[in-house]
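Open the model in your viewer and show it as a cartoon. The stops below say what to select and what is there.

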Amino acid sequence: MPRVKITGNQLILPDDLRQALTSAEDDLLDAEEVEQGVLLRRSPAARRHAALRQIRAAQRKVRYKGSARRPAADQEEREISDLLAADKADGRAQKRR
């Protein structure tokens, strides 16, 4: 189990533990007192930042694999918009049932 160091008002985490909990050196952590001690969690901002990094990494891996020529960017955007609108309408229809 990693040990932490307390200096004055600062809690110093080992690098591997800090990297697991935060995405930047100045991130905030949520701390909660629990029966066994203190529970540290990523702050909502840190979770959003980490999720955005994962999305961007996934986006870099996306490649067009179709037999036809790739559509123009505005056409792709229109198709995505249409798919999202249809999905949203389907969700509303299911709620009404």
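The tour goes from the whole chain to the salt bridges and then to the surface patches.

**Whole chain**

Start with everything selected, and keep in mind that this is a predicted model. Colour by secondary structure: there are three helices and four strands. Followed along the sequence, these elements come in the order β-β-α-β-β-α-α.

Next, turn the C-alpha trace to view it along its principal axes, where it spans about 60 × 40 × 20 Å. The radius of gyration is 22 Å, whereas a compact globule of 97 residues would have one near 13 Å. If you colour by relative accessibility, 6% of the 97 residues count as buried.

**Salt bridges**

How many salt bridges does the structure hold? There are four, and three of the stops below are among them.

Select helix α1, residues 15-21. Show the side chains of arginine 18 and aspartate 15, which meet in a salt bridge with an N to O distance of 3.9 Å. The two residues are about one helical turn apart, because they are three residues apart in this helix. Is aspartate 15 buried or exposed? Aspartate 15 counts as exposed, at 52% relative accessibility. Its partner, arginine 18, is partly exposed, with a relative accessible area of 23%; the cut-off for buried is under 20%, so arginine 18 does not fall in that class.

Move on to helix α3, residues 73-96. Select arginine 78 and aspartate 74, whose side chains form a salt bridge at 3.4 Å, N to O. Here the partners are four residues apart in helix α3, so about one helical turn separates them. Both ends of the pair are partly exposed: arginine 78 at 42% relative accessibility and aspartate 74 with a relative accessible area of 46%.

Now select glutamate 76 and arginine 70. Their side chains meet in a salt bridge as well, with 3.2 Å from N to O. Arginine 70 is exposed, and its relative accessible area is 51%.

**From helix α2 to aspartate 87**

Select helix α2, residues 44-61, and pick out arginine 56 within it. Arginine 56 is partly exposed, with a relative accessible area of 43%. Then add aspartate 87 to the selection and draw a line between the two C-alpha atoms. How far apart are the C-alpha atoms of arginine 56 and aspartate 87? They are separated by 23 Å, and the two residues lie 31 residues apart along the chain.

**Surface patches**

Switch to a surface view and select Lys88, Arg92, Lys95 and Arg96, which form a positive patch. One of these, arginine 96, belongs to helix α3. Arginine 96 is exposed, with a relative accessible area of 69%.

For the last stop, select Val4, Ile6 and Leu11. These residues make up a nonpolar patch on the surface, and together they have about 290 Å² of accessible area. Leucine 11 sits in strand β2, residues 10-12. Why is leucine 11 counted as partly exposed? Its relative accessibility is 45%, and partly exposed covers values between the 20% and 50% limits, so leucine 11 falls in that class.

Definitions and conventions: Residues numbered from 1 in each chain as written. Predicted model: local features only at pLDDT ≥ 70, side-chain atom pairs only at ≥ 80, totals over all residues. Heavy atoms only, no water. Patch = residues over 30% accessible without salt bridge, like charges linked within 9 Å, V, L, I, M, F, W, Y side chains within 5 Å. Areas by Shrake-Rupley, 256 points an atom, 1.4 Å probe, with all protein chains shown as cover. Lys, Arg positive; Asp, Glu negative; His and termini not counted. Charge placed at Lys NZ, Arg CZ, Asp CG, Glu CD. Buried < 20%, exposed > 50% of the residue type's maximum accessible area, 1.4 Å probe, protein only. Rg over C-alpha atoms; globule rule 2.2 N^0.38 Å.
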